[in-house]
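Visitor: I am new to this structure and should like to understand the terms used to describe it. Please show it to me.

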Amino acid sequence: QGVTALTAPDFLRTPRFADLCARLTAAPAVLPQASAPLAPGSRVLLPPLPRRMLAALGEQWRSFRMLLPLPVAADVPSAAAEAWLGGLPQEHEVLRLAFTPEQAVALARPQAISLRRKRAEADAAWLPLLRRAVSEMTPDLDPAAGKVLTALLLERGARRFLLLLGHHLVLDAVSCGVLRESWTHFCGTGRLAPEGCGFARH
């Protein structure tokens, strides 16, 4: 129902799993608090861990990315991908930010999420196909300019996949789940799913 945090000292002082569970059960739930949208030009310092990771990457921080393949059902028109991608920046503030290794800056006008298209034979090897797709999509990413997510609609024989490539600041294990649920909801209803705290607050 709520969210309870355990710190590193909690783990050191309470090494047994059963005791940790007891601490979670006994602790009061803390619900995430909604915050006002950032005004254009506002700057937010990144948390310490992402700052350290990006600093360690040097100039390679811009290409710190992750891929999320989403299946596209046969009865879903290709135009649905464009409509869904077009609405994401308005629903998720993280897609309205530009990034440096130290901070995020709210954009006055969010960057549009580009959508490429690619066709392949049904027997095309999956892994090389994904590698080529990532190579084609990567130039569309520029986190310093707010281009943190790009997409490619891949037709592999009769099957279709919507490939999302995003900078790791906005695409990780948590936000992948939020986007997957949003895509499924949109395909079924034609509307974006309500904003989840994981992707919005990452």
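Visitor: Is the crossing of α4 and α6 left-handed or right-handed?

Guide: In this predicted model, α4 and α6 cross in a right-handed manner.

Visitor: What makes α4 oblique to α6?

Guide: Helix α4, residues 79-91, packs against helix α6, residues 173-189, at an angle of about 130°. Angles over 145 degrees count as roughly antiparallel, and 65 to 115 as roughly perpendicular. The angle of about 130° belongs to neither class, and therefore α4 is oblique to α6. The axes of the two helices lie 11 Å apart.

Visitor: Which residues of α4 and α6 meet?

Guide: From α4 come Ala80, Ala81, Ala83, Trp84 and Leu88, and they meet Leu179, Ser182, Trp183 and Phe186 of α6. This contact is made up of 8 nonpolar residues and 1 polar residue, with no charged ones.

Visitor: Which residues have the most contacts inside the largest nonpolar core?

Guide: They are Trp84, Leu88, Phe99, Leu162, Leu164 and Trp183, in a core of 32 residues. Elements giving two or more residues to this core include α4, α6, β2 (65-72) and β7 (159-167). The most come from α4, which gives 5 residues. Apart from this core lies another, of 13 residues, with Ala120, Leu129, Val134 and Met137 among them.

Visitor: What does Leu88 touch, not counting residues up to four places away in sequence?

Guide: Leu88 touches Leu95, Ile113, Leu149, Leu179, Ser182 and Leu192. Two of these, Leu179 and Ser182, belong to the α6 side of the helix contact.

Conventions:
Residues numbered from 1 in each chain as written. Predicted model: local features only at pLDDT ≥ 70, side-chain atom pairs only at ≥ 80, totals over all residues. Heavy atoms only, no water. Axes fitted to C-alpha atoms, helices over the stretch in contact; angles between N-to-C directions. Helix = DSSP H or I, 4+ residues; strand = E, 2+ residues; numbered from the N terminus. Parallel < 35°, antiparallel > 145°, perpendicular 65-115°, else oblique. Left-handed = near helix turned anticlockwise from the far one by under 90°. Contact = heavy atoms within 4.5 Å. Nonpolar A, V, L, I, M, F, W, Y, C, P; charged D, E, K, R; others polar. Core = buried A, V, L, I, M, F, W, Y, C linked by side-chain atoms within 4.5 Å. Buried < 20%, exposed > 50% of the residue type's maximum accessible area, 1.4 Å probe, protein only.
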